[in-house]
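Open your viewer and settle in for a short tour. At each stop you will get something to select and a description of what is there.

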Amino acid sequence: MADTPSRGAVEEMISFYSRFDPATYLSDLETACRRQDGRSNKQLRPLKLLQGVLQKSTAGSSLAKIGDTKVLAGVSLQVGQPGEDSPEKGEIGVEVNLLPLCHPKFSSIQAQQEESKALENFVQSVLLRCNVVRREDLCIVEGRHVWKLNVDLQCLSHDGSLADACVLSALLALADVTLPVTIVDTDEKVVVLHDRPPRRLEMARFPIPLTIGFHADMLLGDLSLAEEERIPTRLRIAVDCETGQLCTLQKLGGVSMASEHLDSAVALCGARQKQFLLERDLRQDKS
Amino acid sequence: MEVESPPITPLPPSSLSLSLPPRPDRRLANQLRPPTCELGPLNRADGSACFAQGQTSVLAAVYGPAAPRFSRKERVEGAAVEVTVHPHYGLATSSEKEEEGAVKALLEAAICLERFPRTVIHVICQVCEDNGGLMACLMNAASLAVINAGIDMKYVPLTVSMALISPPSATMKTRPSLPPSSSTTAPTSSSTYLLLDPINEEERQSIATITMGISSVDQNVLSCQSMGIMMPSQLFEAIDVAKGAAKALMAFIRMTVEEHSRHISKEK
């Protein structure tokens, strides 16, 4: 086996080739049915989820890893006033940080803002529109005081499917949140009772996201960064982990897709759902 | 020169649209608000269009293809598209950034970029009014402005918005004291229905909103943004509704552009 090149060397060669001649790289992808990192078309990268990684400084935290994409999430609690049109509902805010730490392309503030703002909006709409938590649970006194959850997402390493990692880590951080018991004193101020056991925030729904590429009638599950740069047709789908209902489907540019391809793309999300449930069971066994 | 659309004939009623509560503006469930469009309202831009559906209207201007102001933006293999969205009041927020990204991705797919290497096509959209279905209106205005600029496109993207509504009994406010199962009732196909081109009020009541871009050439899905809980089958139902609406929209755009070119040739 002396003359077979090492796996690292092969990957490097392919990565050079894909940059040098992207058109041939894509057409080879069609014929070989093998991807740069050796996965088959529908194979996803390993998923690793950790909860409670920042217990001192946050109310809930998590770290989500999809292959080499890593996102750290922390939730901080704040007491605020509810909005006028929803006096009994708490609020959830999302902030995404993309620093040069995770990828050199985020070296300018402009480049950071462009991607982080769009991601922020996406994660926030998933959390709010899909009723991930019942916002009534965040009420302290109707019309006066509610909990405001600030979800901060820090991307540590960007290797594609960043939105998936952001949604997953935000969800796990929310699932990790404990709300302290409070009373309202005579001055209408909220006082936290530290001696009572805090209550865990209940999750109503868990939308499991997956980024899918579409190229030459082929679906590629869980794109890496190199693939994201070369495949213009990308789908971002999230399905509920229990019922399999569709939570969001985002397809932005690229070629047009017929319904049957969209159908099989939605079906592909089942693989990530299984991965997630397995990971969750493993964690529960440990604790 | 502004073109008013002829009354768009409602699509054949599907089984869904029967026996539904009336909409605030008395439209049918699968009826678009009549679109209006003015091509070339701005004379200093290379192309411009004002597109409106009811009380939602967007003014879009195209500058380019022109040499890039920053060489960083330049691409050897084709034109670069830049999109700026100005909200109808206040400063641009993260939702405008998301809209910019969506319009940019749609135009990049539709414009023949490889014909204009090393140039930049800048599209600026000003939201004039917003009463629901803004994303669809932005996309339609932007692509009409690109048509008006005479930039080659592979197809015309036709975008419509939809909302999935569940009847009042299911969306009723649940008190915190009720058991959690009551607020997370699963929407089933039988209890929910789809509204085409919703206004703000309907969007607020909806459990999911969908913006769907259909290609004028092969009638397939170009862009889709759905947010909210639905069954996968309801998405495919929405695709069929969008295809029907796209046909009506295409007829309107064709008529607008023909009328505009007739008007220009008369002036000469």
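Start by selecting chain B and switching on its surface: chain B exposes about 12400 Å², and 55% of that area comes from carbon and sulfur atoms. Keep in mind that this is a predicted model. Now color chain B by pLDDT. The average is 85, and 84% of the residues score at least 70. Zoom in on residues 170-189 of chain B, where pLDDT stays under 50; for this stretch the model has 26 contacts beyond four places in sequence.

Switch to a cartoon view of chain B. You should find 5 helices and 10 strands. Of its 268 residues, 50% count as buried. If you build a contact map for chain B, 73% of the contacts between residues at least 6 apart in sequence join residues at least 24 apart.

While you are in chain B, select G64(B) and P65(B). A cis peptide bond joins G64(B) and P65(B), with omega about 0°. P65(B) is in strand β4 (residues 56-66) of chain B. For context, most peptide bonds are trans.

**Over to chain A**

Chain A has 6 helices and 14 strands. Its surface exposes about 13400 Å², with carbon and sulfur atoms supplying 52%. Of the 287 residues of chain A, 49% count as buried. In chain A, 67% of the contacts between residues at least 6 apart in sequence join residues at least 24 apart.

**A strand with several partners**

Select residues 145-157 of chain A, which are strand β6. Which way does strand β3 (residues 69-80) of chain A pair with β6(A), parallel or antiparallel? The sense is antiparallel, over 11 bridges. To see one position, select L77(A), which stands opposite L149(A) in β6(A).

Next, add strand β4 (residues 91-97) of chain A. This strand runs parallel to β6(A), and 7 bridges join the two. Here G93(A) stands opposite N150(A).

Then add strand β5 (residues 139-141) of chain A, joined to β6(A) by 2 bridges in an antiparallel arrangement. V141(A) has H145(A) as its bridge partner. β5(A) and β6(A) form a hairpin with 3 residues between them, and G143(A) in the turn has a positive phi of about 80°.

**Two backbone angles to check**

Most residues other than glycine have a negative phi. Select N131(A), which has a positive phi of about 50° although it is not a glycine. You will find N131(A) in the loop between α3 (109-129) and β5 of chain A. N131(A) has a relative accessible area of 42%, so it counts as partly exposed.

Now go to E188(A), another residue other than glycine with a positive phi, near 65°. E188(A) is in the loop between β8 (181-184) and β9 (190-193) of chain A. The relative accessibility of E188(A) is 39%, which means it is partly exposed.

**A sheet made from both chains**

Show both chains as cartoons and trace this open sheet of 8 strands: β12(A)-β11(A)-β13(A)-β14(A)-β10(B)-β9(B)-β7(B)-β8(B), with antiparallel pairing. Its edge strands are β12 (218-221) of chain A and β8 (193-196) of chain B, each pairing on one side only. The twist averages 25° from one strand to the next.

For a closer look, select β11 (residues 207-215) and β13 (residues 234-240) of chain A: these antiparallel strands share 7 bridges. Among the paired positions, G213(A) has R234(A) in β13(A) as its bridge partner. Then add helix α6 (residues 259-286) of chain A, which packs on the sheet. This helix touches β11, β12, β13 and β14 (246-251) of chain A as well as β10 (221-230) of chain B, and its direction makes about 135° with that of β11(A).

**Into the cores**

Finish by showing side chains. In the largest nonpolar core, which has 81 residues, the members touching the most others are I237(A), L249(A), L107(B), I111(B), M162(B) and M212(B). Helix α5 (residues 232-267) of chain B contributes the largest share of this core, 12 residues.

Select L249(A) and show what surrounds it. Beyond four places in sequence, L249(A) touches residues of chain A including L235(A), I237(A), L262(A) and V266(A), and residues of chain B including C224(B), Q225(B), S226(B) and L235(B).

For the last stop, select L47(A), A64(A), A73(A) and F122(A), which are among the members of a second, separate core of 50 residues.

Conventions
Residues are numbered from 1 along each chain as its sequence is written. Chains are lettered from A and ligands numbered from 1 in the order in which they are written. Side-chain values use heavy atoms; hydrogens and water are left out. A nonpolar core is a set of buried Ala, Val, Leu, Ile, Met, Phe, Trp, Tyr and Cys residues joined through side-chain atoms within 4.5 Å. Buried means under 20% relative accessible area, exposed over 50%, partly exposed in between (1.4 Å probe, protein chains only). Helices (H or I, at least four residues) and strands (E, at least two) are DSSP runs, numbered from the N terminus. Contact means heavy atoms within 4.5 Å. Two strands pair if DSSP finds at least two bridges between them. Axes are lines fitted to C-alpha atoms, for helices over the stretch in contact, and angles run from 0 to 180 degrees between N-to-C directions. Accessible areas come from the Shrake-Rupley method with a 1.4 Å probe; for residues, only the protein chains shown count as cover. pLDDT is the predictor's confidence in each residue, from 0 to 100.
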